[in-house]
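I opened the model today and kept notes as I went. The entries below are in the order in which I looked things up.

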Amino acid sequence: MTPMQQMSAHAAEGRLALQQCTGCGTVQYPPRQLCSACLADALEWRATDGEAGEVLATTLLHHSHAAEFYARLPLRIALVRFDAGPVAVCLLAEGCTAGTRVRVTARCDDHARTVLMATP
Amino acid sequence: MIGYGDVVVCAPVTIPYVRRSDKGATWWLGSALRKLLEASGLTKPRIDGLCLSSFTLAPDGPAPFVQYVGLSPRFLEFLPTGGACGVMALRRAARVVQCGDADVVACIAGDTNGPNSFRDLVAQFSSFSRDFVWPYGAGGPNASFAMLTDHAMRRTGATREDFGKLCIAQRQWAQRNPLALLRDELTMQAYLAARPIASPLHLFDCVMPCAGAEGFLVMHQAQASVLGLPFARVLATIERHNGFPDDPLQWRGGWAMDADVLWRQAAIGPDAIDLVQTYDDYPVISLLQFEDLGFCAKDAGAEFIRHNEFGPGGNLPHNTGGGQLSAGQAGAAGGYLGLVEALRQITGQAGERQVANVRHALVSGFGMINYDRGLCTAAAVLAA
């Protein structure tokens, strides 16, 4: 399974799984087959029911290249920095702006892809 | 640091852009090569080095391409680095010529744009983009740049009017450039009223994908003189990939790591620059380049835009062909656009938009928006 598929297997059960290197301790996202810090492949998943973080920047997306999203526009998107370290593109709940503290959860979409959602 | 000696860059060529093309990338790249031969008077065997950039060449790569066009180079470089590929090609070609591994290097970049080319490109741009951006509806660079713009506006106090000022100045240049695709007058009112794409970005903040190709030649000065080709000298170059990876959000680019080296090697400062060509897929990136390349202090980018004039007759001519925002973004050729335009200006081939007495030009590149940031930065100082 690819790292994406492994992450989605957790997401399908309602868990947000981030990779952590058992060698150097780095937490990383997006997931990879190696640790981006020490390049070891000794990665494990830290699965939780949500990670805390902070909104860094936001956009309201009015245009998409993917037809599957046309009906859902506009979409509220954010860059969120997890307290655990890495930064993720997330769907963002209304009312959140840069600096808002959020909780990020994961679900699986119709294509077995993980989708992250940030809520206050 | 070793300079580039008597290596020069010459023969700026453009295959005129079109919005849609049913030709393949090989046609665009091969046409640029033909135009380089026409411009220089050289025959194919004299081109013994080739730097190539394209996103739509697949399934062909650089080696199948040289067979396609009947070249036999002894140096071949493929640079799939988007907006940074022009400066990267220049600095590789310059060293190769300087060291004698090739005598004349043709540098070309180009792409076609079929009905689905751009969508297909962004859908499969990279594994991170495909798996961790596309599922949010945010495939392609719009959303990433929207968030970088959102942050830069809070960081510097930049307003939509500040970005509009850059876009309008470029449009004024484009009205003097027959090669630019977008030449209608752009007013501030129209800029501000344009439909939203990804807030705070609106239509005129985003480039229009198109088909096209750009190219130039790198050779010794003596060779250029024999051929009667006007040329520019290469004073200094830099490049950086994945600069500042620990910044949570891209509030500065890799130029900030290397700008001191650039100016030291060039032996001039930003105040000696007569003409600036930034990479402008979105105006926020021009603001970052002004800051990170030392034209103003960090966080002073908005003030810098307010206190300078960038259009025809302005004190700091900027993106004098219209930039990608008005000329169009022909895929990898976007990474060459500023360099080819600077070369036209330095060699007095810019027609109606010619800036008088261009002695020094800065060209900057920015490429590969992967996931949340642009990864490749590069810059060059050229001299008459």
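The notes go from the chain contact to the domains of chain B and then to two of its helices.

**Entry 1, ground rules.** I am working with a predicted model, in which local features need pLDDT of at least 70, side-chain atom pairs count only at pLDDT 80 or more, and totals for chains, interfaces and linings use all residues. Residues are numbered from 1 along each chain as its sequence is written, while chains are lettered from A and ligands numbered from 1 in the order in which they are written.

**Entry 2, chain A against chain B.** I found 26 residues from chain A and 29 residues from chain B in the contact (C-beta atoms, placed from the backbone, within 7 Å). On the side of chain A, I noted strands S4 (51-61), S5 (75-82) and S6 (87-92) as the elements that give two or more residues (strands are DSSP runs of E, at least two residues, and helices runs of H or I, at least four, numbered from the N terminus). S4(A) gives the most, six residues. By class, I list 16 nonpolar, six polar and four charged residues on this side of chain A (Ala, Val, Leu, Ile, Met, Phe, Trp, Tyr, Cys and Pro are nonpolar, Asp, Glu, Lys and Arg charged, the others, Gly among them, polar).

**Entry 3, domains of chain B.** I have domain 1 as 7-116 + 211-231 and domain 2 as 140-207 + 233-383, with bounds from an automatic or database domain assignment. Their centres, taken over C-alpha atoms, are 23 Å apart. The contact takes 33 residues from domain 1 and 36 residues from domain 2. In domain 1, S1 (7-18), H3 (85-99), S4 (105-111) and S7 (211-220) of chain B each supply at least two residues to it.

**Entry 4, helix H7(B).** Is H7(B) enclosed or open? I see that 13 of its 15 residues are buried, so H7(B) is largely enclosed by the rest of the structure (buried: 20 or more other C-beta atoms within 10 Å of the residue's own, C-beta atoms being placed from the backbone; exposed: 12 or fewer; partly exposed: in between). The axes of H7(B) and H11 (residues 283-292) of chain B come within 9 Å and cross at roughly 95°. I therefore call the two roughly perpendicular (65 to 115 degrees). B:Phe163, B:Leu166 and B:Cys167 of H7(B) meet B:Pro283, B:Val284 and B:Ser286 of H11(B).

**Entry 5, helix H14(B).** I checked H14 (residues 334-346) of chain B and found 13 of its 13 residues buried, so H14(B) is largely enclosed too. Just after H14(B), B:Gly348 takes a positive phi of about 70°.

Technical notes. Axes fitted to C-alpha atoms, helices over the stretch in contact; angles between N-to-C directions. Parallel < 35°, antiparallel > 145°, perpendicular 65-115°, else oblique.
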